[in-house]
Amino acid sequence: MSKKNKPQPEVKPGPRFKYAVPAVILAAVLLVFAGTGFVLKVAENNGSWAVASHQAVEEEFSHPSLKRLREREKLEDLKSGRSQLETIVALRGWTRRQWEPGSKFRYPPWDALEILDLARKGNRGFCAQYGVVFAQAAMSLGLHARYIDIVGHFVTEVWSDELGKWIVMDPYVDLHYERDGVPLNARELCEVHWSGEEDEVFKVGSDWKKERAEKKDLGLYRKYALYLRGNQLANPVTVERGGRQEKLVKSPDITRYPLIGGGAGEVAYVHTIVSFNDAFAKEKFAAWPVLDDTRVYDRPVNQAVINIAGADPDGTVRIALVAEGAPDLEGFFFRFNDGPWTKAPARLMGRLEPGFNVLSARVRTRAGWTGPESSVTLLYKPRWFSLGKSY
């Protein structure tokens, strides 16, 4: 065999050549990265939109009857110097002290002023009347409140901005329920009942004394249902008696109101009520629609939604603040990183700092409440040098 046709050994790249190409590519990538500025959203705990299969209807906080109730009963005094939760509990205690319940009485319209006037003249009332007075007293102070049916009982839930959820209040017995120091709502109490964890729950009076809850207390919450309409001042309750429906409206003649107890005839109350298909619950209110959409119950209010409307490579960020479920909106509070909360317009611009930036916002209502905190975390990486001339 001649040298000409002799197979030549394979030439393999040396160690330096082997790593040269990846190194060049990496260097190019780093060069581009160093010369590029960008803003990236990396986390958010933003406000929620109340979009569900069924929508709740609330009373307008500006309703004249709510204003009269607040002024006549001096309810602002119960708010003075108290936190939101302390105000709610003080309102509950005030409600319970207004009259002693009775089993025979004329069932008045769902109007706190009328209920109070009649009760102080001896008409009395029971859990529903306490619930209505308490809820409308809360509304008069700009607090969101709604009605809940449980087994043979009627309670009220109030939105807590401090906790970012609804919490149940029972003005008829003047208490609420807590687990680990946190007030619970009807769904949570329903789950506690079915999980057999009653010994973890305490009932709390308006004097803030705590007592361990009993099984019979939480047994009432084995089923719960939500009233979708809470605007009974603007749209009075409908009653059905004698085969005919009519609005239960305020009247100077108390005998026009249905008589409860003492062998009185049956009266039906027409409401829009829903219950929920919770996996943990073994019973439900079959008489009412059973919903799978838990957002109907969880519906948040007083939400600040932070929208990043745009960001530039130089770190300039444009922000649009939107309020959701805040009909009593006065404005917004805004905070940048660990700075102070300051009043802010709905549209604002600012310059980010290199690294992570936390933008926080809350709504402020005309009644003086601040909603739950919403936040968005942005990563800003500035240009370390310019890749070319700017003209």
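**Close-up views of a predicted model**

Buried residues account for 48% of the 391 residues in the chain. Keep in mind throughout that this is a predicted model.

**Figure 1. The whole chain, with 9 helices and 23 strands.** Take this one as the map for the views that follow. Of the contacts in the chain with a separation of 6 or more, 63% link residues 24 or more positions apart. The mean pLDDT of the chain is 90, and residues that reach 70 or more make up 87%. Residues 28-35 are a stretch to treat with care: pLDDT is below 50 there, though the model still gives this stretch 14 contacts beyond near neighbours in sequence. Where pLDDT is low, the predicted coordinates shouldn't be read in detail.

**Figure 2. The largest cavity, with about 80 Å³ of space inside.** The count for the model comes to 2 cavities of 30 Å³ or more, and here we're looking into the largest. Its lining takes in 13 residues, and the closest to the centre are Ala56, Val57, Arg146, Tyr227 and Arg299. Two elements, β3 (145-150) and β10 (225-227), give two or more residues each to this lining. The largest share, 3 residues, comes from β3. Sorted by class, the lining of this largest cavity has 8 nonpolar residues, 1 polar and 4 charged.

**Figure 3. The second largest cavity, holding about 50 Å³ of space.** Going along the chain, the lining starts with Cys190, then picks up Arg222, Lys223 and Tyr224. The rest of the lining is made up of Ser275, Phe276, Asp278, Ala281, Glu283, Lys284 and Phe285. By class, that's 5 nonpolar, 1 polar and 5 charged residues around the second largest cavity. Cys190 is worth picking out in this view: its relative accessibility is 1%, so it counts as buried, the cut-off being under 20%.

**Figure 4. Lys282, in the loop between β15 (273-276) and β16 (290-291).** Is Lys282 buried or exposed? Lys282 has a relative accessible area of 67%, and because anything over 50% counts as exposed, that's the class it gets. Have a look at Trp194 as well: it sits 88 residues away from Lys282 along the chain, yet their C-alpha atoms are separated by 7.5 Å. In sequence, Lys282 falls between Ala281 and Glu283, both of which line the second largest cavity of the previous view.

**Figure 5. The second largest pocket, with about 220 Å³ of space.** This pocket is lined by 14 residues, and those closest to its centre are Phe61, Ser62, Gly142, Asp328 and Arg366. Helices α3 (76-79) and α6 (127-140) each supply at least two residues of the lining. What's the mix of classes in this lining? It comes out as 5 nonpolar, 3 polar and 6 charged residues.

**Figure 6. Two cysteines, Cys127 and Cys190.** How many disulfides does a search of the whole structure find? The search comes back with 0. Cys127 has a relative accessible area of 14%, which is under the 20% cut-off, so it's buried. Cys190, at 1% relative accessibility, is buried too. Each also ties back to an earlier close-up: position 127 is where α6 (127-140) begins, a helix that contributes to the second largest pocket, while Cys190 is one of the residues lining the second largest cavity.

Note on methods. Residues numbered from 1 in each chain as written. Predicted model: local features only at pLDDT ≥ 70, side-chain atom pairs only at ≥ 80, totals over all residues. Heavy atoms only, no water. 1 Å grid on protein atoms, 1.4 Å probe; cavity = no way out; pocket = protein on both sides within 12 Å on 5 of 7 lines; lining within 4 Å. Points joined across faces, edges and corners; volume = space filled by probe spheres on them. Helix = DSSP H or I, 4+ residues; strand = E, 2+ residues; numbered from the N terminus. Nonpolar A, V, L, I, M, F, W, Y, C, P; charged D, E, K, R; others polar. Buried < 20%, exposed > 50% of the residue type's maximum accessible area, 1.4 Å probe, protein only. pLDDT = per-residue confidence, 0-100. Contact = heavy atoms within 4.5 Å. Disulfide = S-S within 2.5 Å.
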